[in-house]
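Trainee: Please take me through a close look at a single part of this model, the strand pairing and the turn that goes with it, and then set it beside the backbone and ring details found elsewhere.

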Amino acid sequence: MFAGTRRRIVSIWFPRLATDRALRACPVDGPFVLSQRLGSAETIFCLNAEAEAAGLSRGMRMADARSFCPGLISRPARPDLDTRFLAGLRRWAERYCPWVGLEGQDGLVLDVTGAAHLWGGEGPMCADIRARLERAGITAQLGRGASRGAAWALAHFGDPVAEAPEPDLLALPVAALRLDPDTVSGLQRLGLRRIGDLTASPRAPLARRFGPDLLTRLDQALGHSPEPVTPAAEPPQFATRMTLPEPIGLESDVMAGLTRLLTPLCDKLAAHQAGARQLLLTLRRVDQASQQVELRLAAPMRDPARILPLFARGLAGVDAGFGIDQLRLEATRVEPLAPAQLGTAHAASPDRLADLLTRLGTRIGLENIHRFLPAESHIPERGFLIAPAAFSTAQDGFHAPRPRPLRLFPPEPITATGPTPPARFRWRAMPLTTARATGPERITPEWWLEDENWRHGLRDYWRVETAEGRRLWLFFTPQNPGWFVQGEFA
């Protein structure tokens, strides 16, 4: 990368990354482990130094661990949070050099070629890394060398206290070459226990017996084969900002500035085939105070003409004070949005519905606008689901063997006898006369579910048209005779 400069790599290994992350969030004293379930057994995923000193190890069954250490404290492992924590450490490590990559699930690799002199040399730089991580409560082991493989080997198998600039790589065990356990066991059975033993052995027999990966790893560690450090790509930042030469205070001026911010933001969203689901507009005043206007959209959008009017209600309550001198617009929540086909007659219909939901959602909240979704059940109360309209997709799978009422409510008892609908009955203080009755439709309970309303067994449903104009849905319970009204047809 730098002509005439020796390549230098620093490897950082976090042997207790998961437990360090958990203990930073909620510290505890004493032995502590994170557990995970493998098959039918619960095993140790990661453990702290106190638990390791008590004789516990990774992969041990939790039942055995508690017998060894009765005071053991455990929590479930969260690999997703560990991945996010490691990504945060990678961004932190960019303070030392721009080329920082991930090394497996618990390590980082830094290409510090040409950057170590900014910290007074490799020794002071590694000492600063180790000191900062120690103050943060993170256990780390560092290794540095002329190749990525050598740095990894020294971080995992070298002396964590030694500060020699060029440790003896050949004296490390063969496991330091990042080989699989079967290859390591095979080499040890042949008496090849250290890297120096491999360099002194003929290469052709080793390649025939263990494959080319062994020699590739050996050459990478010795620096004979290149192994680049690829920094992780930063996620795109969907944000735009405008600093004004003169403060503004009119709502029309803010809308004009917002128009200029929306266009490049939507262009960037389109380039990534994404749409904004949540937008945040920050207005900075000349007195350094700021106000925020949040807009939650019912569907992913990237059309400035559709988004701009939706900000009008939020901007109406903004106090400009002595003036606004900076506007910042950020898409805080982004979802994939494929390119739309233009020119179709029905293309605008979903957009108009999303705009309507967004306008209503700014007043009453998107989570308060519901839609019905079909559910697999023959019981009337379970034949549908209620979901927020902005976070679900409309479905057309509703099907019933018989007509169902438009309004469905909890069963309301009425006074009647016999298995057929009564000629006259009183419901909600209204005297009603049966003009026509259709039925019965027998519905049995779902015995595999616990439902207090259906514990009494069968129901015989009738559609009853009354002389007063009411069209009701009644049911009779034969096992415990009684009549109830549960719905009303249109």
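Mentor: Two strands count as paired if DSSP finds at least two bridges between them. With that in hand, and keeping in mind that this is a predicted model, we can start at strand β2, which covers residues 32–38. Six bridges join β2 to strand β3 (residues 41–47), and the two run antiparallel; within this pairing, V33 has L47 of β3 as its bridge partner. β2 and β3 form a hairpin with two residues between them, and G39 in the turn has a positive phi of about 70 degrees. Strand β2 also pairs with strand β4 (residues 73–76), here in the parallel sense and over four bridges, with F32 standing opposite I73 of β4.

The phi of G39 invites a look at other backbone angles. Most residues other than glycine have a negative phi, and most peptide bonds are trans. Q273 is not a glycine, yet its phi is positive, near 50 degrees; Q273 is placed in the loop between α11 (251–271) and β9 (274–285), and its relative accessibility of 46% makes it partly exposed. Q288, also not a glycine, has a positive phi of about 70 degrees and lies in the loop between β9 and β10 (290–301); because its relative accessible area is 58%, Q288 counts as exposed. As for peptide bonds, the one from G439 to P440 is cis, with omega near 0 degrees, and P440 is found in strand β16 (residues 430–443).

From the backbone we can turn to the side chains, where a search of the whole structure finds eight aromatic pairs. One of them joins Y96 and W119, whose ring centres are 4.7 Å apart with 40 degrees between the planes, a tilted arrangement. This pair links distant parts of the chain, since Y96 is in the loop between α4 (79–93) and β5 (100–102) while W119 is in the loop between β6 (107–111) and α5 (122–135), 23 residues apart. Y96 is buried because its relative accessibility is 2%, whereas W119, at 25%, counts as partly exposed. Another of the pairs is formed by Y461 and F475, with centres 5.1 Å apart and planes at 45 degrees, so this pair is tilted as well. Y461 belongs to strand β17 (residues 459–466) and F475 to strand β18 (residues 471–476), so the pair ties together parts that lie 14 residues apart in sequence. Both of these residues, Y461 and F475, are buried, and ring pairs link them with W473 and F484 into a cluster.

Charged side chains are placed over two of the rings just described. The charged end of R95 sits over the ring of Y96, at 5.6 Å from the ring centre, and the charged end of R459 sits over the ring of F475, at 4.4 Å from its centre.

Last, a word on the surface, where L353, L356, L360 and I364 make a nonpolar patch of about 350 Å². One of these residues, L360, lies in helix α14 (residues 348–364) and is partly exposed, with a relative accessible area of 38%.

Note on methods. Residues numbered from 1 in each chain as written. Predicted model: local features only at pLDDT ≥ 70, side-chain atom pairs only at ≥ 80, totals over all residues. Heavy atoms only, no water. Phe/Tyr/Trp six-rings, centres within 6.5 Å; stacked < 30°, edge-to-face > 60°. Buried < 20%, exposed > 50% of the residue type's maximum accessible area, 1.4 Å probe, protein only. Lys NZ or Arg CZ within 6 Å of the ring centre and 35° of its normal. Patch = residues over 30% accessible without salt bridge, like charges linked within 9 Å, V, L, I, M, F, W, Y side chains within 5 Å. Areas by Shrake-Rupley, 256 points an atom, 1.4 Å probe, with all protein chains shown as cover. Salt bridge = Lys/Arg side-chain N within 4 Å of Asp/Glu carboxyl O.
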